[in-house]
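Please open the structure in your viewer and keep the selection panel at hand. The stops below are meant to be taken in order, with each selection added to the view before moving on.

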Amino acid sequence: MCARLTPKERLRPISGFPEWLPEIRAIELQWIDSLRRVFESYGYCSIEPRSVEPVEVLLKQGDTDKEIYAISRLQEEEDTAPEPAYGLHYDMTVPMARYVAANMNELVFPFKRYQIQKAWRGERPQEGRFREFLQCDVDVVDTREIPLHFDAEMPVIMQEAIEAIGAGPVVTGLNNRKVLEGFYSGLGIDDTASALRIIDKRDKIGDGGVASQLRAELELGDATIEQMLALAAIRGTDPAVIDRVRDLAITTPLLEQGLEELDFVLRELQRFPQGTFVADFSIARGLAYYTGTVYETRFADYPDFPTICGGGRYDNLVGDLVNRRVPGIGISIGLTRILAKLVREGRISPGRRGPTDILVVHTRGAPYALVSRTARTLRARGWRVEQYHEDRRLNAQLRYASQKDIPWIWFPPDRQDGEHQVKHSQTRHQEPADPETWVPREEAAS
């Protein structure tokens, strides 16, 4: 039996599950439209996979089992067999991989998709971290090797998307997992996966915390840890930063391959203003499926705020589901995280409380059929129109229009052959108008 809640408890917010008022939701929808235009301008198509996946599939993303929300029925029939274990998806990449694997014969490769969808994580809510959030992903997967040009295109798409919604300025850090894995193996570290997981915590626990965990979990010596932290400290905005890694005098074929790939991407991004893209060798990306280029984007004005975009190259995530090589690369934009931060900082001014352009009031004595026909006529011409459905006092109707910031008030006549009037809420200018032909003065002038 479920515990009974008080009336107040039923209405209180649930931590980590944001709900926007209409004026903020309107901005979120505008952002979604802007993002879609950017993604589609590069030829990416939209998909929306199911929200629920087998837990076994979700666990392919790494050590995330504590943050996956499981799905079960509140009451199970005693005589039915237990259902397979399902969970809500944790991110967009793993569901996309399963979707591609399930539709291999129907998709055109390289398959370029974007996905704007809710995700769920059972983590502790705090600023920038939610249990339910809207995420926007762009990925390309192929049955052949994916050219490095896509490694350079992904951060460009992300940059254009951020600019389209006016959320900048941002700084994007780039690295390559081959650099880290090759460097660590050159130091004699066997468990490079654990080393990557620990170094990825550097921005949260600092060098001291990273060093302590490396000693405790991997039993590494001080000299090895010093080299790892020296690599993590290297940052630079041009390809010359590659030489600073080579100066550490660790050499392996995997490390050299990663440096060459990163050098290519950095050179392709040189056309952007300096500081937009930065090579940052502390970036590891905690999820286990990344194998090459990785990205992390932060607000330039709020550097301590969590990452707002991230992603990278993965070679085995899709292929593991179909027993063939299907590499991919993608980037994710945390739309809810960005919106919540900018609202909190006062950088977003809420717009009108509804989309309505015109309120057709119920003029006293006007036939209801005339009021309704007027609204239909204006709506058919492309206006967003509300019809006030009650013959209330005019002040009450005008107050409703004011509360919703409706710009135009339409006054039908009190008889079929009478004269319509329209009034602008801000200027208070009122004039005769015909619902079949009316356009605002500023539109008529243009």
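What follows is a walk through a few selections, from strands to cores to charged pairs. Please bear in mind throughout that this is a predicted model.

**Stop one: strand E6 and its neighbours**

Begin by selecting strand E6, residues 132–141, where 10 of the 10 residues are buried, so the strand is largely enclosed by the rest of the structure. In a regular strand the side chains alternate between the two faces of the sheet. When you show the side chains of E6, Glu132, Leu134, Cys136, Val138 and Val140 point one way, while Phe133, Gln135, Asp137, Asp139 and Val141 point the other way.

Next add strand E5, residues 111–120, which runs antiparallel to E6 and is joined to it by 10 bridges; one pair to look for is Lys118 with its bridge partner Leu134 in E6. Then add strand E12, residues 328–334, which also runs antiparallel to E6 and is joined to it by 7 bridges. Here Cys136 has Ile333 in E12 as its bridge partner.

**Stop two: an open sheet**

Now select strands E2, E3 and E4, and ask in which order the 3 strands form their open sheet. The order is E2-E4-E3, with antiparallel pairing. Strand E2 (52–54) and strand E3 (70–71) stand at the edges with a single partner strand each, so one side of each is left without a neighbour in the sheet. Between E3 and strand E4, residues 86–88, there are 2 bridges, and Ile71 can be found opposite Tyr86 in E4.

**Stop three: the nonpolar cores**

Hide the charged side chains for the moment and select Trp31, Phe39, Tyr44, Tyr184, Phe281, Ile333 and Ile338, which are the residues with the most contacts inside the largest nonpolar core, a set of 78 residues. Helix H5, residues 149–164, gives the most to this core, with 8 residues. Ile333, already met as the bridge partner of Cys136, is thus also among the residues with the most contacts in the core.

Centre the view on Trp31, and its contacts beyond four places in sequence appear as Ile165, Leu335, Ile338, Leu339, Leu342 and Ile348. Apart from this core lies another, of 23 residues, and Ile68, Met104, Tyr289 and Val318 are among its members.

**Stop four: charged pairs**

Side chains of opposite charge can pair when their charged atoms come close. The count of salt bridges in the model comes to 30, and two of them make a useful start.

Select Glu53 and Arg50, whose closest N and O atoms are 3.0 Å apart. Is Glu53 buried or exposed? Glu53 is buried, with a relative accessible area of 0%, whereas Arg50 is partly exposed at 42%.

Then select Arg246 and Glu256, which form a salt bridge with their closest N and O atoms 2.5 Å apart. This pair links distant parts of the chain, with Arg246 in helix H10 (residues 241–246) and Glu256 in helix H11 (residues 253–268), 10 residues apart. Both ends are partly exposed, Arg246 at 36% relative accessibility and Glu256 at 26%.

**Stop five: Asp315 and its surroundings**

Finish by selecting Asp315 and Arg325, whose side chains meet in a salt bridge of 3.8 Å, N to O. Asp315 lies in the loop between strand E11 (309–314) and helix H12 (319–322) and Arg325 in the loop between H12 and strand E12, so the pair ties together parts that are 10 residues apart in sequence. Asp315 is buried at 11% relative accessibility, while Arg325 is partly exposed at 41%. Extend the selection to Glu145, Asp151 and Arg313, and you will have the network of salt bridges that links these residues with Asp315 and Arg325.

Beyond four places in sequence, Asp315 touches Tyr289, Thr291, Arg325, Val326 and Pro327; of these, Tyr289 was named above as a member of the core of 23 residues. If you select Ile146, its C-alpha atom is 9.4 Å from that of Asp315, although the two residues are 169 residues apart along the chain.

Last, select Thr291, in the loop between strand E9 (277–280) and strand E10 (293–299). Its side chain makes a polar contact with the side chain of Asp315, at 3.1 Å, and the residues that Thr291 touches include Asn176, Arg177, Lys178 and Arg313.

Definitions and conventions. Residues are numbered from 1 along each chain as its sequence is written. This is a predicted model: local features need pLDDT of at least 70, side-chain atom pairs count only at pLDDT 80 or more; totals for chains, interfaces and linings use all residues. Side-chain values use heavy atoms; hydrogens and water are left out. Helices (H or I, at least four residues) and strands (E, at least two) are DSSP runs, numbered from the N terminus. A polar contact is a pair of N or O atoms within 3.5 Å; within protein, one must be able to donate a hydrogen and the other to accept it, and residues adjacent in sequence count only if both atoms are side-chain atoms. Contact means heavy atoms within 4.5 Å. A salt bridge is a side-chain nitrogen of Lys or Arg within 4 Å of a carboxyl oxygen of Asp or Glu. Buried means under 20% relative accessible area, exposed over 50%, partly exposed in between (1.4 Å probe, protein chains only). A nonpolar core is a set of buried Ala, Val, Leu, Ile, Met, Phe, Trp, Tyr and Cys residues joined through side-chain atoms within 4.5 Å. Two strands pair if DSSP finds at least two bridges between them.
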